[in-house]
Structures are given as C-alpha cells and as structure tokens.
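Biologist: I should like a close look at one part of this model, with attention to its charged side chains. Please describe that part first and then place it within the chain as a whole.

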Amino acid sequence: MNTYTPTLNLAAIKRKQKGITKEFGGLSIPYYKLDTEGLEGQVVRIDTRSADTVILIADGEAHLAFGFLLQNVIDDSTYGQLQGYHFANDTRSRPGQPVGILGGAGYAKLLNYSGAVGKGAQAYLDPSTGKLVAAVTEGNGLPVIFDEDANSTVNNDLYDTTSYQRPVRVRFNFNLAIGATIGS
C-alpha cells in the first residue's frame, strides 16, 4: 500500500510569545490604566496628574519605577475590520482601559530586553526603545537584575527552535510606597 503526503504550502505561522510571566513573588496589581500604547514588560510609573493611571517611564525617571506592564496596550485603529473586536484568550487592552502591573519584589521572565545581557547585571532603561538593557545609561538604573544570560538579537522563527528569542529571567524590587510619596 502506497501512501501519499501532499506538500502543504502554508505560510510560517508565528506564535504569540507572552511578553512577561510572573515566576515567584511580586504583586499583580489590577485596575490601573495607561492612556498610550505599551508592551508587556515595559516599566511604568504612577501618573501624579490622574488617579489610578500609570505612564511609561522616560529618560531619567528610573527612580520612579513602579512595576512592569502585565498586558499589551494596543491602539487598534490600524486593525481595519477587526477594530474594536474582543480577542479571546489574549490579554491585550486598549488605551484608557484597565491593565495589570507587576510590582513589589520577586522574579519574572520577560521579552522586553535588548541586546546581550548577563547574569547578575543590573537592568537599565533604554529611553529610545523602552526596553531593558545591560549597558549603563546614566540616571536610568532600574531596581531590576538579570538573573540569567540571554541575547535578544536572535531570530523569532517558530520552526527553528534554536533561534527564537527566549524570555530572560529577572529579579526585581520595585518600591510600592512610591505612589504615596510622589505627589506630596
């Protein structure tokens, strides 16, 4: 008996990688809102001008870091027909809607880093991309330490399991009391 397996001409399917996962410790703080776009794992601070709102930290604001975004915040105006649709089994949110923040002290794995990082290196904010880097940028040191070696410059090819970007484990210690002291 002969078998025939047709050649499938399917486009490579990119799987969605979760941008951040809570590993141990830390507090998942729900119901803050972000009024702009942001990626999972980006560092945010409390917005002192608006209640229950966070903003992405900018150059020189690392000392105000409150935690990591736990969800993508997307502007779906570029989604065409799918604008305004609910995406089941996805944690994305829209600007002005509730998002979660991972704060406190603990461990997480995240994709929001750039370049080669080494175990034990402190994380710094790259203000041009919003990503974590191991290169020292004055005034942008975060309370985050890379807990393993990784490199983000590899290819994200689903079928080549040796070259996808893998999440890097970090340990963090964000000051949760910072929100109460900023506005005073």
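Modeller: In this predicted model, a salt bridge joins Arg169 to Asp147, with 3.0 Å between the closest N and O atoms. Arg169 belongs to strand E11, whereas Asp147 sits in the loop between E9 and E10, so the bridge ties together parts of the chain that lie 22 residues apart in sequence. The two partners differ in exposure class: Arg169 has a relative accessibility of 28% and therefore counts as partly exposed, while Asp147, at 11%, falls under the 20% limit and counts as buried. Arg171 also takes part, since Asp147, Arg169 and Arg171 are linked in a network of salt bridges.

The residue after this acid in the discussion is Glu148, which is placed in the loop between strand E9 (141–146) and strand E10 (150–151). Glu148 is buried, because its relative accessible area is 14%, and buried means under 20%. A polar atom of the Glu148 side chain lies 2.7 Å from the backbone nitrogen of Arg169. Arg169 is thus approached from this loop in two ways: its backbone nitrogen lies 2.7 Å from a polar side-chain atom of Glu148, and a salt bridge connects Arg169 with Asp147.

Glu148 has a salt bridge of its own, formed with Lys109, where the closest N and O atoms are 3.6 Å apart. This pair links distant parts of the chain, with Lys109 in strand E5 and Glu148 in the loop between E9 and E10, 39 residues apart. Lys109 counts as partly exposed, because its relative accessibility is 24%. When neighbours within four places in sequence are set aside, the contacts of Glu148 are Lys109, Val117, Gly118, Lys119, Arg166, Pro167, Val168 and Arg169.

The structure holds 6 salt bridges. Another of them brings together the side chains of Arg45 and Glu61, at 3.0 Å from N to O. Arg45 is in strand E2 and Glu61 in the loop between E3 and E4, 16 residues apart, so this pair also links distant parts of the chain. Arg45 and Glu61 are both buried.

Strand E11 also leads to the aromatic residues. The whole structure contains 4 aromatic pairs. In one of them, the ring centres of Phe68 and Phe174 are 5.1 Å apart and the planes stand at 85°, so the pair is edge-to-face. Phe68 lies in strand E4 (residues 67–69), and Phe174 in the loop between strand E11 (168–173) and helix H1 (178–182); the two are 106 residues apart. Phe68 is buried, at 0% relative accessibility, and Phe174 is likewise buried, at 3%. Phe174 also pairs with Phe172 in a tilted arrangement, with 5.7 Å from centre to centre and 35° between the planes. Phe172 and Phe174 are both buried, and together with Phe68 they form one aromatic cluster.

Phe68 recurs in the nonpolar interior. The largest nonpolar core has 23 residues, of which Phe68, Leu132, Leu142 and Val144 touch the most other members. Strand E5 (98–110), strand E7 (122–126), E9 and E11 each give two or more residues to this core. A second, separate core has 11 residues, among them Ile29, Val54, Phe66 and Leu69. Two of the strands that supply the largest core, E5 and E11, also carry salt-bridge residues, namely Lys109 in strand E5 and Arg169 in strand E11.

As for the chain as a whole, it has 1 helix and 11 strands, and the elements run β-β-β-β-β-β-β-β-β-β-β-α from the N terminus. Of its 184 residues, 40% are buried. Among contacts with a separation of 6 or more, 63% are between residues 24 or more positions apart. The chain exposes about 10,700 Å², and carbon and sulfur atoms supply 52% of that area.

Two backbone details complete the account. Most residues other than glycine have a negative phi. Tyr31, in strand E1 (residues 20–34), instead has a positive phi near 70°, and Asp52 has a positive phi of about 55°. Asp52 is placed in the loop between strand E2 (43–46) and strand E3 (53–56). Tyr31 is exposed, with a relative accessible area of 63%, and Asp52 is exposed as well, at 54%.

Conventions
Residues numbered from 1 in each chain as written. Predicted model: local features only at pLDDT ≥ 70, side-chain atom pairs only at ≥ 80, totals over all residues. Heavy atoms only, no water. Helix = DSSP H or I, 4+ residues; strand = E, 2+ residues; numbered from the N terminus. Buried < 20%, exposed > 50% of the residue type's maximum accessible area, 1.4 Å probe, protein only. Polar contact = N/O pair within 3.5 Å; in protein donor to acceptor, adjacent residues only side chain to side chain. Contact = heavy atoms within 4.5 Å. Phe/Tyr/Trp six-rings, centres within 6.5 Å; stacked < 30°, edge-to-face > 60°. Core = buried A, V, L, I, M, F, W, Y, C linked by side-chain atoms within 4.5 Å. Areas by Shrake-Rupley, 256 points an atom, 1.4 Å probe, with all protein chains shown as cover. Salt bridge = Lys/Arg side-chain N within 4 Å of Asp/Glu carboxyl O.
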